Amino acid sequence: MSRSAHPAGPRHADVLPEGHYTAPPADLNRLDPKVWARTVRRNDEGQLTVGGLTVDELREEFGTPAYFLDEDDFRTRCRAWADAFGADADVFYAGKAFLSRAVVRWLTEEGLNLDVCSAGELSTALSAGMPPERIAYHGNNKSEEEIRRAVEVGVGRIVLDSFQEIVRVAHIADSLGKRQRVQIRVTVGVEAHTHEFIATAHEDQKFGIALAGGQAAEAVRRALKLDGLELIGIHSHIGSQIFDMAGFEVSARRVVQLLAEVRDEHGVELPEIDLGGGLGIAYTSDDDPREPHHIAKALKEIVARECEAARLATPRISVEPGRAIVGPTAFTLYEVGTVKPLEGLRTYVSVDGGMSDNIRTALYDAEYSVALVSRTSDAEPMLTRVVGKHCESGDIVVRDAFLPADIAPGDLVAVPATGAYCRSMASNYNHALRPPVVAVRDGEARVIVRRETEEDLLRLDVG
């Protein structure tokens with residue numbers, strides 16, 4: 001099915017004022033499996049389906065905008081990471097990417113651990129049955145109340161992020177008659193190839209204790225002297241949306257050097273290192289992420305080689321994929337409201353969501369794909385900017401994309417790879433209602449995080 005084209009913006013990328021596309025795709029109806037969840041297909045009528053359900057069926061039951069999460073895909077990715085690293089390593093799902101009680105249950109069932117970085121994330125994990133010993137607690141400014149609860153419930157590790165926190169955790173553990181397992185997060189001076197605000201291992205940022213100037217070594221000295229702490233290892237995280245393993249190689253080398261210094265000074269070989277997460281996913285067809293078994297093989301070889309050179313026993317490795325698991329498993333479904341051609345520039349396609357359900361484009365200049373999913377079209381490709389309905393010129397969902405020239409109000413479009421950081425960073429800007437998250441599997445769909453209502457907003461407004 002197709003509709004007649006209307007006057008629109010340019011068809012070819014050579015007039016593109018800004019952006020990254022060089023040419024329209026050969027087939028706008030094709031769904032690139034790199035960027036879509038594993039059970040996503042087009043049926044014979046041209047509609048997108050996920051888990052056997054069409055977007056028309058999903059829109060009718062759950063409305064738009066909404067996030068639809070492929071549960072089979074999520075579970076498959078959990079198993080792939082667990083299998084890749086094996087029993088001699090630990091995989092911690094980074095809850096900040098997206099967390100709900102259903103996700104916690106899936107993680108528990110698939111054998112993954114969980115890292116959290118707030119009281120709310122910890123409560124969600126515990127309420128859904130994640131064993132506390134399988135939880136790691138992150139954060140650069142944990143409150144005393146957060147630390148106390150983490151120690152009381154027996155989280156498996158607390159990642160120490162500052163000199164003040166070393167003392168704070170030790171004091172609280174002592175007061176509770178406990179010895180808390182901890183790691184020290186170090187900044188190793190490696191800046192990953194990523195956006196400035198999500199690069200986390202160069203010195204000029206808020207996370208961790210710097211290797212430079214001997215600060216990390218001093219942190220180890222202090223932690224080893226405190227009875228309330230059991231120092232089990234070193235933690236390093238170099239950034240997010242990373243495809244190149246070179247940064248991990250440099251990071252691992254520097255962490256192992258620190259382990260060797262600790263052995264030489266204290267006669268102690270720390271048994272664990274955590275290399276963090278940050279592995280990238282495909283948001284567009286240009287992205288080329290690595291599979292978990294490639295990542296595991298590379299990281300294990302790097303650590304083993306560096307430890308052999310330093311004459312150290314190889315420590316147990318931990319990694320923290322979040323986006324790499326949940327990111328590709330979901331898409332956001334929107335309804336087109338208006339189509340506004342700007343002659344010689346592009347066509348603005350406005351949808352019924354926006355920066356309140358996906359802030360990443362505005363915040364990080366993130367790139368996304370988009371597709372017409374309620375039908376197919378044989379119309380020419382048209383350069384578009386998919387924007388939201390908020391009172392903000394930066395309310396952009398997909399900065400530059402090609403859609404069929406006959407795109408029209410009432411059409412459904414979907415943005416893939418929105419499982420990570422979209423619902424978890426969603427807001428009520430303009431008093432928008434945050435969308436639901438709907439899990440789809442084997443022809444059935446169920447809400448795992450419900451859509452907000454106006455009553456929810458007013459209930460919080462006590463003025």
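Start by selecting Glu-60 and Glu-61: these exposed residues (over 50% relative accessible area, 1.4 Å probe, protein chains only) sit on the face of helix 1 turned away from its buried side. Keep in mind that this is a predicted model, where local features need pLDDT of at least 70, side-chain atom pairs count only at pLDDT 80 or more, and totals for chains, interfaces and linings use all residues. Residues are numbered from 1 along each chain as its sequence is written, and side-chain values use heavy atoms, with hydrogens and water left out.

Now flip the helix, residues 55-62, and pick Val-55, Leu-58 and Phe-62, its buried residues (under 20% relative accessible area). Looking down the axis, you'll find them within an arc of 60°, so they line one face of the helix; the arc is taken from the directions from the axis to the C-beta atoms. Helices here are DSSP runs of H or I with at least four residues, strands are E runs of at least two, and both are numbered from the N terminus.

Step on to Gly-63, which follows helix 1 and has a positive phi, near 75°.

Next, colour the open sheet of 3 strands, order 1-2-3, paired antiparallel (pairing takes at least two DSSP bridges between two strands). Strand 1 (41-42) and strand 3 (53-54) are the edges, each with a single partner strand, so one side of each lacks a neighbour in the sheet. Zoom in on Arg-41 and you'll see Thr-49 of strand 2 opposite.

Last stop: Glu-444, in strand 21 (residues 444-449). Glu-444 is 391 residues from Leu-53 in sequence, yet their C-alpha atoms are 7.5 Å apart.
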